[in-house]
Amino acid sequence: MLSRRFPPSAFYKRASQAIILVSSLGLATSAVSANGKDDPKNNERTAQQRPVARLIATSTQGVSPRERPRLVARVSSTSNYVSTNAASVAATGDERRAFELVNAERQRRGVRPLILDGELTRIARYHSETMARDGVLDHVDRDGLDLSGRAAAFGLHGWRALGENIAYNQGFDDPTAFAVERWMISVKHRENILNSQFTHAGIGIARAADGRIFFTQVFMER
């Protein structure tokens, strides 16, 4: 079960394991014919026209500590994306804008701004690209890794805690602003965004073949 309260500093200073806060986002929509009855053909037409997003339950399933090392080793040895020399990437224009919108929400409430981190951007973009390619919105990727597993596979070190928000949407005039807006409406996502103990973050955005846009934001406390 996820807690809305972050561990007291005295606790995580003693602890050797990090706390992973995960949440997921969306808004379910459906297409209905003019007479109020479902029409498969109409559903197919309107699905391409109407803005859509996805609602899934908060993720509580992670990867078992016993299984994670094997998965991390496999991904690290086989994924070209993970094994590239660059430890970080530069944010795209849309990724930077999403990051700035998140920071604006923090500053509006008197919370210190996050630092944009290239390593976290790389991890976030990798997960968004994986979700876009597979058409699945989930905190656990197709390799069986959750956020902490991906962090290990990418060689991320020196962190005390991580958090992750994910979302997808399609058909909105400003999908980036919409994603941040919906995160702020959702209690769990908002808690990650406004958590004063997080110091760094990165956002990754990827577009699927069907036009859906996937968002991942990874938060970190050093």
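A charge sits over a ring if NZ of Lys or CZ of Arg is within 6 Å of the ring centre and within 35 degrees of the ring normal. With that in hand I looked up Arg-212: its charged end sits over the ring of Tyr-168, 4.8 Å from the centre. Note to self: this is a predicted model.

**Entry: the main core**

I went for the largest nonpolar core next, and found 18 residues in it. Those with the most contacts inside it are Val-102, Leu-114, Trp-183, Ile-193, Ile-203, Phe-215 and Phe-219. Who supplies it? At least two residues each come from α5 (93-108), β4 (161-170), α8 (175-185), β5 (200-207) and β6 (213-221). The biggest giver is α8, with 4 residues. I jotted down the general point that nonpolar side chains tend to be buried together in soluble globular proteins.

I then listed the neighbours of Ile-193, leaving out residues up to four places away in sequence. Ile-193 touches Val-102, Arg-106, Asn-165, Trp-183, Met-184, Gln-217 and Phe-219. There is also a second, separate core, this one of 11 residues; Leu-120, Tyr-126, Phe-154 and Val-218 are among them.

**Entry: strand β6**

How many residues of β6 are buried? I got 9 of the 9, so the strand is largely enclosed by the rest of the structure. I split the side chains by direction: Ile-213, Phe-215, Gln-217, Phe-219 and Glu-221 point one way, while Phe-214, Thr-216, Val-218 and Met-220 point the other way. That fits the general rule that side chains in a regular strand alternate between the two faces of the sheet.

For partners, I found β4 pairing with β6 in the antiparallel sense over 9 bridges, and Ala-167 stands opposite Phe-215 in β6. On the β5 side the pairing is also antiparallel, over 8 bridges, with Arg-207 opposite Ile-213 in β6. β5 and β6 make a hairpin with 5 residues between them. I checked the turn for odd backbone angles, and Gly-211 has a positive phi of about 100°.

**Entry: aromatic pairs**

My count came to 4 aromatic pairs. I wrote up two of these. Phe-172 and Phe-178 are stacked, 3.8 Å centre to centre with 15° between the planes. Is each ring's residue buried or partly exposed? Phe-172 has 25% relative accessibility, so it counts as partly exposed. Phe-178 has 12%, so it counts as buried.

Phe-198 and Phe-219 are stacked too, at 5.4 Å centre to centre and 25° between the planes. Phe-198 lies in the loop between α9 (187-194) and β5, and Phe-219 in strand β6, so this pair ties together parts that are 21 residues apart in sequence. Both Phe-198 and Phe-219 are buried.

**Entry: helix α9**

I pulled the buried residues of α9: Lys-188, His-189, Asn-192 and Ile-193. Where do they lie around the helix? Looking down the axis, I see them fall within an arc of 140°, so they line one face of the helix. The textbook reason for such spacing is that an α-helix has 3.6 residues a turn, so residues three or four places apart point the same way.

**Entry: Ala-104**

Last lookup: Ala-104, in helix α5. Its relative accessibility is 29%; buried would need under 20%, so I put Ala-104 down as partly exposed. Its C-alpha atom is 9.9 Å from that of Leu-114, with the two residues 10 apart along the chain.

Terms used
Residues are numbered from 1 along each chain as its sequence is written. This is a predicted model: local features need pLDDT of at least 70, side-chain atom pairs count only at pLDDT 80 or more; totals for chains, interfaces and linings use all residues. Side-chain values use heavy atoms; hydrogens and water are left out. A nonpolar core is a set of buried Ala, Val, Leu, Ile, Met, Phe, Trp, Tyr and Cys residues joined through side-chain atoms within 4.5 Å. Buried means under 20% relative accessible area, exposed over 50%, partly exposed in between (1.4 Å probe, protein chains only). Contact means heavy atoms within 4.5 Å. Rings of Phe, Tyr and Trp (its six-membered ring) pair if their centres lie within 6.5 Å; planes under 30 degrees apart count as stacked, over 60 as edge-to-face and the rest as tilted. The arc is that of the directions from the helix axis to the C-beta atoms. Two strands pair if DSSP finds at least two bridges between them.
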